[in-house]
Amino acid sequence: MPHILIVEDETIIRSALRRLLERNQYQVSEAGSVQEAQERFSIATFDLIVSDLRLPGAPGTELIKLGQGTPVLIMTSYASLRSAVDSMKMGAVDYIAKPFDHDEMLQAVARILRDRQNAPASAPVAEPRASNGKAAPADKGSAPANGEIGIIGSCPPMQDMYSKIRKVAPTDSNVLIQGESGTGKELVARALHNLSRRAKAPMISVNCAAIPETLIESELFGHEKGAFTGASAGRAGLVEAADGGTLFLDEIGELPLEAQARLLRVLQEGEIRRVGSVQSQKVDVRLIAATHRDLKNLAKAGQFREDLYYRLHVIALKLPALRERGSDVNEIASAFLARQSARIGRDDLHFSAEAEQAIRHYSWPGNVRELENAVERAVILSESAEISADLLGIDIELSDLEEDEILDSALAVSSAANASHEPTEDLSLEDYFQHFVLEHQDHMTETELARKLGVSRKCLWERRQRLGIPRRKSNATSE
């Protein structure tokens with residue numbers, strides 16, 4: 001069980017973080033300052049240190065030196081995000097901005113611990129994460145065909161994605177990653193960075209939707225002393241911090257128009273001008289942007305600069321939604337199950353056949369993020385080795401299945417029940433549906449008919465209407 005040290009002076013935050021980590025099978029110790037941590041613990045013996053940047057006395061970055069190689073994850077507010085980037089230059093393994101959600105913290109912790117465990121590995125390849133950017137279990141790895149990409153899945157759309165990543169990564173071309181929320185856009189961005197010539201330089205990730213509009217220009221481009229109220233000192237921005245590396249702008253569709261104009265200058269001239277400054281300075285940054293919105297339509301509506309859109313759209317990568325990835329969903333679910341099982345020390349958990357089918361055919365509107373949450377919840381609530389569809393909390397009707405699979409299911413039921421001696425191999429789905437309903441509605445309720453056909457009652461009613469199959473009067477009152 002990994003041992004984590006939390007160094008945070010705010011008791012409420014420290015306690016909440018401790019409970020979160022302990023619930024996820026981590027051993028946790030805590031301190032309110034660097035000095036207290038030194039007095040109470042041998043700092044170098046921990047597997048990971050999670051520390052606030054601003055602490056009473058010495059700053060959290062002191063733990064980088066005291067840890068003697070122990071990875072340090074720095075926590076900071078957006079107001080001091082620039083200082084967090086500076087801490088990475090001092091040796092911090094990563095930073096996480098407050099306020100952070102639980103998934104974000106657990107993702108960072110799992111990734112850092114895994115990277116530490118795999119540190120002796122030879123080649124600097126992309127991090128082996130699952131396709132929503134969360135850490136994948138070490139024993140699962142990735143499909144052989146995309147091992148250096150580090151994304152789980154082998155469906156044709158993803159194979160096409162891997163091919164494009166390999167071609168685009170070595171270049172300095174701007175990349176626009178499009179896809180629904182939760183599909184793993186940041187993971188693709190990190191793969192592009194890790195497979196590029198900039199891999200040893202920083203990749204700075206910024207969620208444009210998470211920074212207040214009044215702060216975003218100064219955070220991205222920096223500001224001079226006195227540029228605005230409260231600017232008591234000059235500060236470099238995150239674009240400058242990414243100099244020589246990669247700048248990843250997530251949810252770029254939320255970037256205000258004023259900031260878009262400054263970003264366009266970075267792309268066109270390779271230079272930035274801090275807020276309140278009259279001087280420009282050169283930067284060498286490779287830009288990767290991501291969005292779930294239609295930037296082209298936003299540009300037509302005047303909500304996004306058209307010239308910036310075309311600058312970003314040099315290379316466009318479209319991430320498929322999870323519902324479009326076929327059997328990949330089961331592979332990803334198995335990876336999450338393996339990881340959650342390892343956290344609670346079990347190796348007997350498995351999905352029931354019904355759960356496997358539900359996972360495969362549910363639409364997953366929240367994509368991989370929703371899948372991971374469903375698996376985690378099921379593992380926590382499971383009282384036996386078999387995880388059922390009910391435990392996954394998937395609200396799925398079998399009417400969502402592909403047409404041929406409904407027919408296969410219904411034919412199998414019919415055959416098992418010896419309900420009909422007529423050959424059914426040449427029947428279409430609608431032929432079979434009509435044949436089955438007319439033959440069985442005398443002695444089955446609508447609920448039983450729907451269940452046998454593998455559809456919902458609503459679907460049964462709709463198909464009756466479409467095919468003109470009347471309900472028997474005797475059956476109509478038997479519900």
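**Exercise 1. Find which strands helix H7 lies across, and place those strands in their sheet.**

Step 1. Start with helix H7 (residues 185–194): this helix lies across E6, E7, strand E8 (246–250), E11 and E12. Helices here (H or I, at least four residues) and strands (E, at least two) are DSSP runs, numbered from the N terminus. Being across means contact, that is, heavy atoms within 4.5 Å.

Step 2. Now the direction: H7 runs at about 150 degrees to E6. Axes are lines fitted to C-alpha atoms, for helices over the stretch in contact, and angles run from 0 to 180 degrees between N-to-C directions.

Step 3. A word on the model before going on. It is predicted, so local features need pLDDT of at least 70 and side-chain atom pairs count only at pLDDT 80 or more, while totals for chains, interfaces and linings use all residues. Residues are numbered from 1 along each chain as its sequence is written, and side-chain values use heavy atoms, leaving out hydrogens and water.

Step 4. The five strands form an open sheet with parallel pairing, in the order E7-E8-E11-E6-E12. Strands E7 (203–207) and E12 (315–318) are the edges, each pairing on one side only. Two strands pair if DSSP finds at least two bridges between them.

Step 5. Zoom in on one pair: E6 (residues 175–178) and E12 share four bridges in the parallel sense. Leu176 has Ala316 in E12 as its bridge partner.

**Exercise 2. Work out which parts of the chain the salt bridge between Arg323 and Glu180 links.**

Step 1. The side chains of Arg323 and Glu180 meet at 2.4 Å, N to O. A salt bridge is a side-chain nitrogen of Lys or Arg within 4 Å of a carboxyl oxygen of Asp or Glu.

Step 2. Arg323 sits in the loop between E12 and helix H13 (328–343), and Glu180 in the loop between E6 and H7; the two are 143 residues apart, so distant parts of the chain are linked.

Step 3. Check accessibility: Arg323 is partly exposed at 40%, and Glu180 is partly exposed at 28%. Buried means under 20% relative accessible area, exposed over 50%, and partly exposed in between (1.4 Å probe, protein chains only).

**Exercise 3. Is Ser382 buried or exposed, and what does its side chain reach?**

Step 1. Ser382 lies in the loop between helix H15 (367–381) and strand E14 (386–387).

Step 2. With a relative accessible area of 10%, Ser382 is buried.

Step 3. Its side chain reaches the backbone oxygen of Ser384 at 2.5 Å.

Note on methods. Polar contact = N/O pair within 3.5 Å; in protein donor to acceptor, adjacent residues only side chain to side chain.
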